[in-house]
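Student: I've just opened this one and don't know my way around yet. Could you walk me through it with a few questions?

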Amino acid sequence: MVEVNLWAGLRKHTGGEEKVEIEGKNIGQLLDNLVRDYPELEPFIEAGVSVAIDGRIMARDLTAEIKPDSEVYLLQQLKGG
Amino acid sequence: MEYHSPASFDEAVSIAKNADGITRFLAGGTDVLVQLRADIVVPDVLIDLKKIDDTKIIARDDDGWHIGVAVSGAEMSEHPELKREWPGVVEAMDLIGSTQIQGRATLVGNLCNGSPAADSVPAMIAAGATVTVAGEAGDRILAVEDIPAGPGKTNLAKGELISSIHLPSRGEGGGDAYLRFIPRTEMDIAVVGCGANLRLDGDTVSEARVSLGAVAPTALLVEDAANAIIGTRLDDEAMNALAVAASDACNPIDDKRGTIKFRTHVAGVLAKRAVKIAYDRAKGNK
Amino acid sequence: MGVEGQDFEQEFQVVGTRPDRPDGIDKVTGRARFGADAYAPGMLHAVCVRSPHAHAKIRKIDASKAEAMPEVKAVVTRADFADGLTGEDWNILENVMAGEKALYDGHTVAAVAATTALAARDAAKLIEVDYEILPHVTDVDKAMAPDAPAIREGAADGSVPEGLHPNVVRYHESGHGDVEKGFAEADLVIEDSFVTEATHQGYIEPHACLAQLGSDGRGEVWCCTQGHFNVQKVCAALLGTESSQVRVTASEIGGGFGGKTAVFIEPVALALSKKTNRPVKLVMSRSEVFRATGPTSSTSMDIKIGMTKDGRITAGQGVFRLQGGAFPGAPMEFTAMCAFAPYNLENVHQVGYDVIANRPKQAAYRAPGSPMAAFAVESVIDELCNQLGLDPIDVRLKNASREGTKASYGPKFDRIGLVETLEEAKAHPHYSAPIGEGEGRGISCGFWFNHGGETAVSLALSEDGTAALSVGTPDIGGSRASMCQMVAEELGIPYDKVRTTIADTATLGYNEISHGSRVTYASGLAAIKASRDAVDKLCHRAAAKWGIDRDAVYWENGCAKPAGSNAGEFEPLPLEKITSKMGMTGGPIVGHYEATPEGAGVSFATHIVDANVDPETGQTSVSRYTVVQDAGKAIHPSYVEGQYQGGAAQGIGWALNEEYIYGEDGRLQNSGFLDYRIPVASDLPMIDTVIVEVPNPGHPYGVRGVGETSICPPLAAIANAVSNAAGVRLKQLPMSPPRILEALDDQANGRS
Amino acid sequence: MSMIHVRTTVNGDPQEFLCDPRETMLDVLRDRLALTGAKEGCGTGDCGACSITVDDRLVCSCLMLGAEADGKEISTIEGMADGEELHPLQAKFIEYAALQCGICTPGILVATKALLEKNPDPTETEVRYWLAGNLCRCTGYDKIIRAVMDTAAEMREDA
């Protein structure tokens with residue numbers, strides 16, 4: 001299980017939780033399981049999210065590995081100018 | 001759109017008189033072509049004046065200066081005697097647009113475009129400039145301040161056009177100046193413009209004309225502002241009275257370039273600054 | 001977490017030098033071909049018909065008078081585009097060609113193609129549109145008010161709390177700690193509100209394209225874009241054809257700054273081409289660019305920050321309301337996430353609202369959302385420093401984020417260079433120079449994330465020992481030079497033996513748009529990896545020639561060499577000796593890289609500005625400007641400096657004079673460069689630059705993106721300088737002369 | 001609509017064309033004479049990307065009708081280099097990285113060449129004001145101004 005930090009705006013879709021425990025060895029699994037456990041998050045995940053693993057922001061890569069002790073943050077997907 | 005390039009003012013008058021729809025005269029084209037391109041004014045008949053003889057001439061005689069309708073701002077700036085005698089008028093013209101615009105833009109165009117914010121107009125009004133108007137009935141002379149009729153409008157009749165601009169002889173003890181306020185350093189339309197022209201008797205102002213642009217539907221000749229400084233040496237009291245008179249004369253609008261409050265206030269600031277420059281120039285011109 | 005083959009201590013031969021850009025001669029002789037410089041046999045010219053109303057129902061479009069002109073070959077409306085789109089595809093189509101309603105002044109409602117450009121313009125004027133005018137709103141705060149007209153019902157997503165106006169379409173909330181506790185610990189708490197107007201990227205080249213599409217669904221597009229692969233994807237969706245059938249070639253691009261990441265005219269030209277079976281050229285006028293393409297969001301922001309007497313920030317709180325035009329997508333989450341990112345805060349809380357209004361759809365503009373946040377937050381920090389009598393750089397150093405700091409947006413920072421930029425700024429002669437009469441000095445920090453993204457390149461070696469790199473990211477500001485440098489560095493050949501080409505969509509795999517300051521980072525990383533792939537193949541050929549193992553061969557200074565005496569005694573084999581025989585030793589040698597690099601390091605900058613204010617007219621001038629920014633590693637320092645200077649200049653425009661001005665009628669009043677006042681040469685001083693290099697662990701050489709961060713600090717730094725010069729805090733951008741005089745007047749009359 | 005017959009000289013080459021009276025010189029250069037070095041950035045004389053010289057006078061070609069070119073000597077960016085020899089300004093702009101996207105570059109080069117012909121020793125302020133009508137959105141003008149100043153100095157030494 002990995003502790004996933006959500007942005008506060010998602011709380012209302014996780015029963016008020018800002019940190020959730022999710023299974024997953026990589027970002028893809030993590031996001032799939034996040035939607036499985038919290039179906040209301042699906043539109044936000046579908047709209048695109050970035051995931052920060054130990055401070056490195058992953059904008060696209062679903063294959064990036066996650067260790068059980070990794071610091072994991074869900075962020076809204078980054079775009080630039 | 002028909003395009004004509006007549007060889008004489010008579011021919012130009014005749015084309016204009018007989019034209020149907022909207023007629024525009026083309027000298028520098030820096031307003032006419034912008035309006036054409038943006039579908040603001042699409043003329044049916046466009047009359048290019050540059051093939052007419054002597055439209056490119058800057059000449060001086062006993063009456064003063066005669067400036068042709070196709071003389072560009074750059075050509076005025078490059079004329080050392082004109083610049084020495086009427087630095088305010090030349091600077092006002094030079095403030096319009098970029099170097100590229102200066103290569104084409106003309107005094108007459110600036111006047112006939114009818115913009116209340118035209119830079120050269122307050123300077124010309126302050127200088128006491130006149131124009132020759134060609135028409136079917138022959139030529140007539142009008143003061144510059146009698147040409148604009150309101151934003152985008154002039155008092156010229158169908159078939160009339162300006163054929164030359166005249167500045168009086170400078171004479172002794174005179175000086176002029178033009179200042180405008182714009183947010184950037186270049187390329188903007190005046191939010192307020194002020195032309196000042198005066199003559200000194202010793203250190204005392206004996207004659208003065210002050211004109212404001214962009215603060216009313218047409219450029220204004222502000223007699224109260226001139227009266228505030230005539231007979232003074234520009235002491236603080238006179239300068240404050242000048243600023244008040246300039247601000248009081250304003251009848252501006254709120255628009256994308258400035259507010260009523262801002263324009264009214266800055267008119268007073270610029271009047272003081274322009275008059276001061278004209279005064280210093282007059283002192284140097286003895 | 002580093003990347004493979006990383007050596008920040010290596011001595012570079014080419015990287016870090018300043019060679020002439022490979023496209024230099026093309027660009028100084030006028031022969032470089034930009035978007036509008038393409039012509040095709042039989043080409044038609046197209047013009048868009050645009051709504052003059054801010055909000056109106058389209059009752060009927062009658063094109064019969066236009067179609068009666070012999071020069072007119074086709075007219076298209078929404079009916080000529082794909083049906084049944086959903087999500088972002090639908091939003092893009094709705095923006096490209098209005099459906100039931102025109103949503104802003106300038107919204108395209110139809111387009112016409114004719115044999116000449118003049119005829120097309122005349123025809124557009126003959127197309128009659130019957131509008132039912134609806135109530136409109138253009139201001140962000142008014143759009144959120146209960147009595148505002150709802151622009152699009154049902155546009156809001158599930159993030160928006162109950163009870164908000166339907167114009168609020170997305171909501172963000174983030175932070176950590178307890179801000180109330182933090183404010184209680186502070187010696188001084190300042191709370192204030194700030195407003196910024198929308199600004200335009202202001203690229204000098206209007207959008208332009210030349211397109212053709214057959215009835216078989218096969219098409220070609222030439223256009224100026226930051227991302228031709230995205231144009232391909234969007235055009236295929238909007239025209240109902242397949243991506244691979246639409247080949248898109250990116251022209252030279254005359255500036256983008258984020259504004260050319262969006263798609264506007266290419267699908268329209270394709271639709272007209274499909275109807276006529278002829279190539280169609282569509283070039284926007286400047287006025288169309290302003291009215292209908294990407295301005296930034298306008299904002300309204302509330303900031304509250306607490307500080308102790310010795311300058312420790314105890315808590316920061318921000319509410320950020322962004323108006324992004326008639327479509328969801330205003331980058332309020334970035335505004336919120338960037339706002340406090342430079343500072344190590346125990347207690348921070350940020351809220352964002354994405355608000356729609358009757359304005360063109362906002363597009364990305366250099367670090368979208370971040371500059372406004374910095375303006376608000378850094379203004380309050382400056383005011384705290386002033387009131388507590390503290391040095392603004394010392395205070396920022398005391399609170400600065402460092403490696404391991406928990407960022408205001410959540411995760412811990414990797415290796416970052418904020419402290420280094422602050423220390424360089426403090427040591428810079430500008431910071432200690434005397435301040436003149438009527439002058440003020442301002443400083444500010446700024447932050448941007450940077451981005452990686454999908455990247456595919458290929459590097460073909462030629463028999464003569466030269467190298468051709470194909471990349472899929474348009475070169476906006478000289479990236480071809482830095483690509484050539486990185487390949488030359490890796491292959492060990494001279495810079496001018498490498499040529500970089502921007503390949504079309506048929507040549508490479510998908511490349512994300514040139515955005516997010518990603519090109520030198522991601523395409524650069526890809527160029528390095530593709531070079532290493534080619535080197536590996538070169539080493540294989542050398543090993544085969546020598547009859548030894550690949551592992552016994554290494555690459556140095558452009559030659560394959562045996563690795564030590566055990567490998568055997570062989571003369572180094574130069575690249576061209578291998579490539580000259582490559583056809584006979586296994587075939588062409590091509591290096592590849594196709595991946596999604598995810599190590600774009602975040603970046604920080606600190607700017608110092610001196611400004612003068614004329615108290616009688618409110619006129620402001622910037623007299624001195626210094627940019628200090630972390631580049632990670634500067635590949636071509638001249639172009640890094642150029643990015644710093646360009647960002648600062650755009651920031652000066654945004655701070656002082658640039659703004660979208662809407663009339664009561666909802667029409668844009670300043671859709672030209674005359675009244676949309678970008679800085680001209682005589683407005684600016686020289687812009688001094690200091691390149692700080694704190695390597696990014698996510699790039700082989702340590703590169704960080706530099707294009708966007710440079711626009712994050714200027715709004716705040718200039719606002720601080722102007723406020724300090726004028727003696728009154730300016731809280732609204734732009735700080736135009738009337739606003740400065742108004743603020744001075746309010747202060748004199750005790751109203752502020 | 002009747003077309004106008006114009007005879008002119010462009011970069012020393014005699015040229016003859018027919019144009020609509022509404023066509024600008026910029027339209028004619030680009031669409032009729034295939035000289036696309038001059039760019040349309042605004043069409044209102046505010047950006048300078050279409051700068052050319054007419055009888056050695058710097059103008060915006062978007063604010064001149066094609067019909068007005070009759071009997072004139074027109075010079076464009078395409079005529080600035082002498083064969084394969086770049087004008088010193090062109091070489092210096094590359095060396096100094098005085099361009100990023102390059103869209104404003106032709107106009108700025110035409111404008112600065114006109115400046116140095118008129119004033120071989122301009123001050124920084126004079127260069128900045130001369131170029132006020134040439135918008136550049138990428139560079140902040142810094143490297144452009146330096147390139148012009150240094151080219152002028154070198155041209156004075158070589159003269």
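Student: What distance should helix α3 (residues 105-118) of chain D span, and how far apart are its end C-alpha atoms?

Tutor: Keep in mind that this is a predicted model. Helix α3 of chain D has 14 residues, and we count 1.5 Å a residue. That gives an expected span of 20 Å, and the distance between the end C-alpha atoms agrees with it: 20 Å.

Student: Is α3(D) largely enclosed or largely open, and how many of its residues are buried?

Tutor: Buried here means under 20% relative accessible area. Among the residues of α3(D) that pass are Thr105(D), Gly107(D), Leu109(D) and Leu116(D). The helix is largely enclosed by the rest of the structure, because the number of buried residues, out of 14, is eleven.

Student: Which two chains share the most contacts?

Tutor: Start with the pairs that drop out: chain A and chain B do not touch, with their nearest C-alpha atoms 27 Å apart. Chain A and chain D do not touch either, and there the nearest C-alpha atoms are 14 Å apart. Four pairs of chains are in contact, and the one sharing the most contacts is chains C and D.

Student: How much area is buried between chain D and chain C?

Tutor: The contact draws on 45 residues of chain D and 53 residues of chain C. On the chain D side, Ile94(D), Gln100(D) and Arg137(D) lose the most area, together 21% of what that side buries. Carbon and sulfur atoms give 59% of the total, which is about 4,100 Å².

Student: How far apart are the closest N and O atoms in the salt bridge between Lys39(D) and Asp37(C)?

Tutor: There are five salt bridges between chain D and chain C, along with 23 residue pairs in polar contact. The side of chain D that touches chain C has 20 nonpolar, nine polar and 16 charged residues. To count as a salt bridge, the nitrogen and oxygen must be within 4 Å. Lys39(D) and Asp37(C) meet that cut-off, with their closest N and O atoms at 2.5 Å.

Student: Now for chains C and A: which element gives the largest share of the side of chain C that touches chain A?

Tutor: This contact takes 45 residues from chain C and 26 residues from chain A, burying about 2,600 Å². The interface has 14 residue pairs in polar contact. Two elements of chain C, β7 (168-176) and α10 (332-339), each supply at least two residues. The largest share, six residues, comes from β7(C).

Student: Which peptide bond is cis, with omega near -10 degrees?

Tutor: Most peptide bonds are trans. To find this cis one, go to the loop between β27 (732-733) and α20 (737-748) of chain C, where Pro734(C) is found. The cis bond runs from Leu733(C) to Pro734(C).

Student: Asn557(C) has a positive phi although it is not a glycine; is Asn557(C) buried or exposed?

Tutor: Most residues other than glycine have a negative phi. Asn557(C) has a phi of about 50 degrees and sits in the loop between β20 (553-556) and β21 (559-562) of chain C. The relative accessible area of Asn557(C) is 58%, and the cut-off is over 50%, so this residue is exposed.

Student: And how accessible is Asp39(B)?

Tutor: Asp39(B) also has a positive phi, near 60 degrees, and is found in the loop between α2 (32-37) and β3 (45-48) of chain B. Asp39(B) counts as partly exposed, with a relative accessible area of 34%.

Note on methods:
Residues are numbered from 1 along each chain as its sequence is written. Chains are lettered from A and ligands numbered from 1 in the order in which they are written. This is a predicted model: local features need pLDDT of at least 70, side-chain atom pairs count only at pLDDT 80 or more; totals for chains, interfaces and linings use all residues. Side-chain values use heavy atoms; hydrogens and water are left out. Helices (H or I, at least four residues) and strands (E, at least two) are DSSP runs, numbered from the N terminus. The expected span of a helix is 1.5 Å times one less than its number of residues. Buried means under 20% relative accessible area, exposed over 50%, partly exposed in between (1.4 Å probe, protein chains only). Contact means heavy atoms within 4.5 Å. Buried area is the accessible area (1.4 Å probe) that two parts lose on being put together, summed over both. A salt bridge is a side-chain nitrogen of Lys or Arg within 4 Å of a carboxyl oxygen of Asp or Glu. A polar contact is a pair of N or O atoms within 3.5 Å; within protein, one must be able to donate a hydrogen and the other to accept it, and residues adjacent in sequence count only if both atoms are side-chain atoms. Ala, Val, Leu, Ile, Met, Phe, Trp, Tyr, Cys and Pro count as nonpolar, Asp, Glu, Lys and Arg as charged, and the others, Gly among them, as polar.
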